[in-house]
Structures are given as structure tokens and as C-alpha cells.
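Open the model in your viewer and switch to a cartoon view. We will go from stop to stop, selecting a piece each time and looking at what is there.

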Amino acid sequence: MSFKYSKSEKLKSKKAIERLFSEGKSVTAYPLRLVYLEHTFDDGIQFKTGVSVSKRHFKNAVDRNRIKRLIREAYRLNKGDHFNNNLASYALMILYIGKDEIEFTSMNNSMNELLGAFVKKVS
């Protein structure tokens with residue numbers, strides 16, 4: 001698996017997101033939570049991922065966007081280590097549930113822990 005996070009790997013379908021939150025299961029590694037649901041996609045992509053940060057905790061869009069950027073980068077760097085030998089396809093949504101801003105090193109560690117817990121739970 002490559003270190004890319006292309007447009008085709010982003011979860012954008014409103015129906016898929018609604019189904020994900022109504023039927024999905026979750027894994028948590030503070031300050032991140034991963035909601036996942038097994039889902040087949042028409043374009044053959046194995047994992048489609050979305051990122052969300054609460055407006056309630058981060059009023060300024062600048063702060064929310066920075067955290068989303070950090071989450072996407074940590075996901076991009078760690079997905080290859082965890083998703084290489086998985087056969088099923090999943091819709092994923094990564095939520096930031098912390099109330100404070102975070103540095104990249106701790107975000108990267110949390111993402112690694114979160115994806116490891118997801119792979120353990122799924123297999």
C-alpha cells in the first residue's frame with residue numbers, strides 16, 4: 001500500500017456516512033475515535049476514510065483545519081503498516097474527541113495505536 005491519500009480514498013458519500021454512524025462500530029485511542037463499517041465500493045477502493053473535528057470544542061476554523069490536517073497526515077503515514085493484508089473493504093471515519101490542541105508526534109502515536117486496535121478488532 002502506498003503512502004498516498006488520494007481523492008478516491010476519501011469518504012464523501014452522504015448515504016455511506018449516515019449508514020456508518022447508524023450501524024458502525026467504534027474503536028478509541030484517546031484523543032481519536034475510529035468508527036468503521038464493512039462496505040463495498042463501486043470503484044474497488046479498499047478503505048475510504050473521512051476526518052472530523054468537533055466545532056463545539058474548536059470554535060475557530062483555523063484550529064479545526066489544523067487538527068484535521070494532522071489527522072490526515074498521521075493516517076497517510078500509518079495506513080500502509082496496518083492495512084497491507086486486509087481483504088475486506090471498510091468505510092472509516094476518524095473523529096478527534098480531545099478538547100486541547102495536539103502536536104504531530106502524539107497524534108502520530110495515537111493514530112498508530114488506533115489503527116492497531118482496529119486491525120486487532122477486525123481480524
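## A helix across the sheet

Start with helix α3, which lies across β1, β2, β3 and β4 and runs at about 30 degrees to β2. Keep in mind throughout that this is a predicted model.

Now colour the strands. In which order do the 4 strands of the open sheet lie? The order is β1-β2-β4-β3, and the pairing is mixed. At the edges you find β1 (25-29) and β3, each of which pairs on one side only. Neighbouring strands in this sheet are turned by 20 degrees against each other on average, ignoring direction.

**Select residues 32-38 and 90-96.** These stretches are strand β2 and strand β4. The two pair in the antiparallel sense, over 7 bridges. For a landmark, pick Val35, which stands opposite Met93 in β4. Bring helix α2 into view as well: α2 packs on the sheet, where it touches β2, β3 and β4, and its direction makes about 150 degrees with that of β3.

**Select Tyr36.** You are still in strand β2. Is Tyr36 buried or exposed? Its relative accessible area is 7%, so Tyr36 counts as buried. Show the residues it touches beyond four places away in sequence: among them are Leu20, Val27, Tyr90, Leu92, Phe118 and Val122. Gly24, Lys25 and Ser26 are also touched by Tyr36. For a distance to display, try Ser22: Tyr36 and Ser22 are 14 residues apart in sequence, and their C-alpha atoms are 11 Å apart in space.

**Select residues 47-53.** This is strand β3, which is mostly covered, with 5 of its 7 residues buried. β3 is joined to β4 by 7 bridges, and these two strands run parallel. To get from β3 to β4, follow the chain through helix α2 (residues 61-82); this β-α-β crossover is left-handed.

**Select Lys48.** This residue lies in strand β3 and stands opposite Ala91 in β4. Why does Lys48 count as buried? The relative accessibility of Lys48 is 14%, and the cut-off for buried is under 20%. Setting aside neighbours within four places in sequence, its contacts include Ser8, Glu9, Lys10 and Leu11, along with Phe41 and Asp43. Tyr90, Ala91 and Leu92 are in contact with Lys48 too.

**Select residues 61-82 and 104-122.** These are helices α2 and α3. How do their axes meet? The axes come within 9 Å and cross at roughly 45 degrees, which means that α2 is oblique to α3. α2 passes α3 in a right-handed crossing. Turn on the side chains where the helices meet: on the α2 side they include Ile67, Leu70, Ile71, Tyr75 and His82, and on the α3 side Phe104, Met107, Met111, Leu115 and Val119.

**Select Tyr30 and Pro31.** Our last stop is the loop between β1 and β2, where Pro31 is found. What kind of peptide bond joins Tyr30 and Pro31? The bond is cis, with omega about 10 degrees. As background for this stop, most peptide bonds are trans.

Technical notes:
Residues numbered from 1 in each chain as written. Predicted model: local features only at pLDDT ≥ 70, side-chain atom pairs only at ≥ 80, totals over all residues. Heavy atoms only, no water. Buried < 20%, exposed > 50% of the residue type's maximum accessible area, 1.4 Å probe, protein only. Pairing = 2+ DSSP bridges. Right-handed = clockwise from strand over helix to strand, strands pointing away. Contact = heavy atoms within 4.5 Å. Axes fitted to C-alpha atoms, helices over the stretch in contact; angles between N-to-C directions. Parallel < 35°, antiparallel > 145°, perpendicular 65-115°, else oblique. Left-handed = near helix turned anticlockwise from the far one by under 90°.
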